Amino acid sequence: MKTTLLEDLKDAWCSVHYNSGSSTASIISGVPAFIDDKDCFAEPVANFDISKIEKPEKPDRREWILDIVQKHWNAKQIKKGQLWNNF
C-alpha cells in the first residue's frame with residue numbers, strides 16, 4: 001500500500017533522512033528529524049547524533065520556518081518584483 005510522506009509522518013516518533021526535502025517536511029510537521037548531511041536545509045533544527053534517537057531534541061522551529069517562508073517565491077510573485085523587494 002502506497003502512502004505519502006505526510007501520511008508516514010502522522011504518528012512518527014522521529015525520522016531519519018539524508019536529503020533536505022523530506023527532512024524539512026518532517027520538521028514542519030512537528031516530527032524531529034535526524035540527518036547526516038550538514039548542508040541539509042533542515043540543519044539548523046535537526047538532530048545528528050543517532051544514539052539519541054530515543055530522546056530526540058525538539059528545538060524551537062518558529063524562526064527557521066519564518067526563514068523558509070521568506071525564501072520561497074512563486075513565478076507570479078517574482079514577476080511582480082516581490083522577491084527583490086524583500087531583499
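Start by colouring the charged side chains: the chain has 12 positive and 13 negative ones, and the centres of the two sets lie 9 Å apart. Keep in mind as you click around that this is a predicted model.

**The whole chain**

Now zoom out and switch to a cartoon view. You should find 5 helices and 2 strands. Going from the N terminus, the elements run α-β-α-β-α-α-α. Turn the C-alpha trace along its principal axes and it spans about 45 × 30 × 20 Å. The radius of gyration is 15 Å, while a compact globule of 87 residues would have one near 12 Å.

Next, show the surface. The chain exposes about 6,700 Å², and 54% of that comes from carbon and sulfur atoms. Buried residues account for 29% of the 87 residues. If you like contact maps, here's one more figure: take the contacts between residues at least 6 apart in sequence, and 23% of them join residues at least 24 apart.

**Helix α2 and what covers it**

Select residues 20-28, which form helix α2. Which residues of α2 are buried? They are Ser 23, Thr 24, Ala 25, Ser 26 and Ile 27. To see what lies over them, add α1 (5-9), β1 (15-17), β2 (33-35) and α3, all of which are included in the cover.

Pick out Ser 23 for a closer look. Is Ser 23 buried or exposed? Its relative accessibility is 0%, so Ser 23 counts as buried. Leaving aside neighbours within four places in sequence, Ser 23 is in contact with His 17, Ala 33, Ile 35, Cys 40 and Ala 42.

Step back one residue to Ser 22, also in helix α2. With residues up to four places away in sequence not counted, Ser 22 touches Leu 5 and His 17. Try the distance tool here too: the C-alpha atoms of Ser 22 and Ala 46 are separated by 12 Å, with these positions 24 residues apart along the chain.

Before leaving, slide along to Gly 30, just after α2, and check its backbone: Gly 30 takes a positive phi of about 90 degrees.

**Out on the loop**

Jump to Ile 50, in the loop between β2 and α3. Ile 50 has a relative accessible area of 46%, so it counts as partly exposed. Not counting residues up to four places away in sequence, Ile 50 touches Val 16 and Phe 34. Draw a line from Ile 50 to Asp 36, 14 residues apart along the chain, and their C-alpha atoms are separated by 9.2 Å.

**The salt bridge and helix α3**

Back to charges for the last stop. Side chains of opposite charge can pair when their charged atoms come close. How many salt bridges does the structure hold? There is 1 salt bridge. Select Asp 60 and Arg 62 to find it: the closest N and O atoms are 2.5 Å apart. Arg 62 counts as exposed, because its relative accessibility is 59%.

Move on to Glu 63, which sits in helix α3 (residues 62-69). Glu 63 is exposed, with a relative accessible area of 62%. Finish with one more distance: Glu 63 and Val 45 are 18 residues apart along the chain, and their C-alpha atoms are separated by 10.0 Å.

Technical notes:
Residues numbered from 1 in each chain as written. Predicted model: local features only at pLDDT ≥ 70, side-chain atom pairs only at ≥ 80, totals over all residues. Heavy atoms only, no water. Helix = DSSP H or I, 4+ residues; strand = E, 2+ residues; numbered from the N terminus. Buried < 20%, exposed > 50% of the residue type's maximum accessible area, 1.4 Å probe, protein only. Salt bridge = Lys/Arg side-chain N within 4 Å of Asp/Glu carboxyl O. Contact = heavy atoms within 4.5 Å. Rg over C-alpha atoms; globule rule 2.2 N^0.38 Å. Areas by Shrake-Rupley, 256 points an atom, 1.4 Å probe, with all protein chains shown as cover. Lys, Arg positive; Asp, Glu negative; His and termini not counted. Charge placed at Lys NZ, Arg CZ, Asp CG, Glu CD.
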